[in-house]
Protein chains: 2
Amino acid sequence: MTLAEAKAKFIADWGRFGTNWGINRTMAQIHALLLISPDPLSADEVMEELSISRGNANMNIRELIDWGLVHKVIRPGERKEFFSAEKDIWKVARQIVKERKKRELDLMIPVLKELSEVEGDKRDKAVKTFTETINNIRKFSDQADKTLDTMIRADEHWFLGSLVKLFAGKRD
Amino acid sequence: MTLAEAKAKFIADWGRFGTNWGINRTMAQIHALLLISPDPLSADEVMEELSISRGNANMNIRELIDWGLVHKVIRPGERKEFFSAEKDIWKVARQIVKERKKRELDLMIPVLKELSEVEGDKRDKAVKTFTETINNIRKFSDQADKTLDTMIRADEHWFLGSLVKLFAGKRD
DNA sequence: TAAAACTTTCAATAAATTTTGAAAGTTCAG
DNA sequence: CTGAACTTTCAAAATTTATTGAAAGTTTTA
């Protein structure tokens, strides 16, 4: 496989993969392109490489910046903005966990608290099942909240080292 | 908040939440409904409660069964099929991790291997960046593969116990 | 200040996904 | 068997989401 073929395949596959993760295809493709690009690219280069419009490129690059996966690079003496992706995959993963937690779990936790305070007779089977289910989900979410916070703070070495050893040890 | 209000809110919120996870709104709503339902429900009851068509109910219930989150309940002497959701949230989470791993990571790993074998001169900066990025993603994926396998096998007690203690200890 | 170089916005359009519902398929009691 | 009770399928329609591109906005240079 030549580099050109491999690049095209990686961009296509990363794009398809991204759609499973609440990230749209184009956003994931731009991310893929920047990940394998040795130098920062301009919006025009991204448009050209992926055959997408200016507006589309602009919006999705902005969203990648919001997610903390891409940053602007200003070159002295150039008007144009360039963009570059974080190449350290552990940092990328941690950043994604962090953002998704913020956008999903952190919003869900207060809702679950509210739902757990439903009024009604506990002897009513429907009430009982409802509150039990919500409380189980709450316990799970609170645990996930703590675990993810710690994971977000963890450095790569620790994550690769201790956690894996722990899992490996427990497997037997 | 009355039970009826709380049920409606939970179903709506769980549905919205699900769309972030590659699960469609209706599938997540049916799951929510069955989670809080004390008894198994028939397809007609699901249709009625969520105001959806027979075809829609049938397809999404089938998909929930594929995901291992819902199972059929046959009642002696009744033609109709009933459906019931796994209520243990830890089992639900493990099942989701297992299925997503199968549908995503397990498909990606061989693709990455293929991409890492790109031909070209390693002194070429474009080739170098490409192979380095792919190899970093491979390392990450291989690690995730092992970690997730162990997590899938882990029982709730262990997960709640040791892992959390470990994370808590490392936080300082 | 003017205008060139560039970025952002957003209404219209296109594409992708989901839903419907009627027809076809299946199962089972009589 | 036969038909009633139920489930499944799938093409067409509705809905949701993504994309375009031209106009508006911004910044810089001269």
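In which helix of chain B is the place of B:Ser116? Let me answer that straight away: B:Ser116 sits in helix α5 of chain B, the helix that covers residues 89-116. Before going further I should say that what we are looking at is a predicted model, and everything that follows is to be heard with that in mind.

Staying with B:Ser116 for a moment, this residue is partly exposed, because 16 other C-beta atoms lie within 10 Å, whereas a residue counts as buried at 20 or more. Once its neighbours within four places in sequence are left aside, B:Ser116 is in contact with B:Thr131, B:Ile134, B:Asn135 and B:Arg138. There is also B:Phe130, which is 14 residues away from B:Ser116 in sequence and, C-alpha to C-alpha, 8.3 Å away in space.

Another helix of chain B gives us a contrasting picture, namely α2, residues 25-35, where ten of the eleven residues are buried, so that this helix is largely enclosed by the rest of the structure. Among the buried residues of α2(B) are B:Met27, B:Ile30, B:His31 and B:Leu34.

Let me turn to chain A and its overall make-up. Chain A has seven helices and three strands, and along the sequence these elements come in the pattern α-α-β-α-α-β-β-α-α-α. Of the 172 residues in chain A, 21% are buried, and of the contacts in this chain with a separation of 6 or more, 44% are between residues 24 or more positions apart.

The three strands of chain A form an open sheet in the order β1-β3-β2, with antiparallel pairing. Strands β1 (41-42) and β2 (70-74) of chain A stand at the edges with a single partner strand each, and therefore one side of each is left without a neighbour in the sheet. Between β2(A) and β3(A), the latter being residues 81-85, there are five bridges, and the two strands run antiparallel; one of the pairings puts A:Val70 opposite A:Ala85 in β3(A) as its bridge partner. Helix α2(A) packs on this sheet, where it touches β1, β2 and β3 of chain A, and its direction makes about 85 degrees with that of β3(A).

Now, how many residues does each chain bring to the contact between chain A and chain B? Chain A brings 48 residues and chain B brings 49 residues. On the chain A side, the elements that give two or more residues are α1 (3-19), α5 (89-116), α6 (125-153) and α7 (156-170), and the largest share, 13 residues, comes from α6(A). By class, that side of chain A has 26 nonpolar, eleven polar and eleven charged residues.

Finally, the DNA, beginning with strand D. This strand is surrounded by 18 residues, and the closest of them are A:Asn24, A:Ser53, A:Gly55, A:Asn56 and B:Gly55. Two or more residues come from each of α2 (25-35) and α4 (54-66) of chain A and from α4 (54-66) of chain B, with α4(B) giving the most, four residues. The surface near DNA strand D has three nonpolar, eight polar and seven charged residues.

Around DNA strand C there are 16 residues, the closest being A:Gly55, B:Asn24, B:Ser53, B:Gly55 and B:Asn56. Here α4 of chain A, together with α2 and α4 of chain B, each supply at least two residues, and the largest share, four residues, comes from α4(A). By class, the surface near DNA strand C divides into three nonpolar, seven polar and six charged residues.

How values were computed. Residues are numbered from 1 along each chain as its sequence is written. Chains are lettered from A and ligands numbered from 1 in the order in which they are written. This is a predicted model: local features need pLDDT of at least 70, side-chain atom pairs count only at pLDDT 80 or more; totals for chains, interfaces and linings use all residues. A residue is near a molecule or strand if its C-beta atom, placed from the backbone, lies within 6 Å of it. Ala, Val, Leu, Ile, Met, Phe, Trp, Tyr, Cys and Pro count as nonpolar, Asp, Glu, Lys and Arg as charged, and the others, Gly among them, as polar. A residue is buried if 20 or more other C-beta atoms lie within 10 Å of its own, exposed if 12 or fewer, and partly exposed in between; C-beta atoms are placed from the backbone. Two residues are in contact if their C-beta atoms, placed from the backbone, lie within 7 Å. Two strands pair if DSSP finds at least two bridges between them. Axes are lines fitted to C-alpha atoms, for helices over the stretch in contact, and angles run from 0 to 180 degrees between N-to-C directions.
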